[in-house]
Amino acid sequence: MSNDYETPERTRERLRQEELKNNPFGHMKDGIDRAQYGSLVDLVGSLGWKGTLVLIIVIIVGLLLVAQYF
């Protein structure tokens, strides 16, 4: 096998990564839908590092609010 040959799986992943770079928040719903079925990697990958940071902050603030009222 030559190094120039790209498997279909790698092609799909490369195309998905290029699409995410071009439109990172357009695929947020798709990533969230995938996360419902247990793939946290797809959720984080679709959000990027900024979206993941926002998600973590929202979770922490939510936990603090719940802890304060209960």
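A salt bridge is a side-chain nitrogen of Lys or Arg within 4 Å of a carboxyl oxygen of Asp or Glu. Keep that in mind, as this tour will come back to it. The model in your viewer is a predicted one.

**Stop 1: the whole protein**

Start with everything selected and a cartoon view. You should find three helices and zero strands. Followed from the N terminus, the elements run α-α-α. Now switch on the surface. How much of the protein is buried? Of its 70 residues, 13% count as buried. The exposed surface comes to about 6,100 Å², and carbon and sulfur atoms supply 64% of that area.

**Stop 2: salt bridges in helix H1**

A search of the whole structure finds four salt bridges. Side chains of opposite charge can pair when their charged atoms come close. Let's visit some of these pairs.

Select Glu 9 and Arg 12 and show their side chains. They form a salt bridge, with the closest N and O atoms 4.0 Å apart. Both belong to helix H1, which covers residues 8–22. Because they are three residues apart in that helix, about one helical turn separates them. Arg 12 is exposed, since its relative accessible area is 52% and the cut-off for exposed is over 50%.

Next, select Glu 13 and Arg 16. Here the closest N and O atoms of the salt bridge are 3.2 Å apart. How far apart are Arg 16 and Glu 13 in helix H1? They are three residues apart, so about one helical turn lies between them. Arg 16 counts as partly exposed at 22% relative accessibility, and Glu 13 counts as partly exposed at 37%.

Then pick Arg 14 and Glu 18. Their salt bridge brings the closest N and O atoms to 3.3 Å from each other. This pair is four residues apart in helix H1, and again the separation is about one helical turn. Arg 14 counts as partly exposed at 35% relative accessibility, while Glu 18 is partly exposed with a relative accessible area of 38%. Add Glu 6 to your selection: salt bridges that share partners join Glu 6, Arg 14 and Glu 18 into one network.

**Stop 3: into helix H3**

Move along the chain to helix H3, residues 40–69. Select Thr 52, which is found in this helix. Is Thr 52 buried or exposed? Its relative accessibility is 16%, so Thr 52 counts as buried, because buried means under 20%. Leaving out residues up to four places away in sequence, Thr 52 touches Val 44 and Leu 47.

Keep Val 44 on screen and add Leu 55, another residue found in helix H3. Use your viewer's distance tool on the C-alpha atoms of Leu 55 and Val 44: these residues are eleven apart in sequence and 9.4 Å apart in space. Leu 55 counts as partly exposed, at 34% relative accessibility.

**Stop 4: a nonpolar patch**

For the last stop, bring the surface back and select Trp 49, Leu 53, Ile 57, Val 61, Leu 65, Val 66, Tyr 69 and Phe 70. What do these residues form? They make up a nonpolar patch on the surface, and together they have about 970 Å² of accessible area. Zoom in on Leu 53, one of its members, which sits in helix H3. Leu 53 is partly exposed, with a relative accessible area of 44%.

Definitions and conventions
Residues numbered from 1 in each chain as written. Predicted model: local features only at pLDDT ≥ 70, side-chain atom pairs only at ≥ 80, totals over all residues. Heavy atoms only, no water. Patch = residues over 30% accessible without salt bridge, like charges linked within 9 Å, V, L, I, M, F, W, Y side chains within 5 Å. Areas by Shrake-Rupley, 256 points an atom, 1.4 Å probe, with all protein chains shown as cover. Helix = DSSP H or I, 4+ residues; strand = E, 2+ residues; numbered from the N terminus. Buried < 20%, exposed > 50% of the residue type's maximum accessible area, 1.4 Å probe, protein only. Contact = heavy atoms within 4.5 Å.
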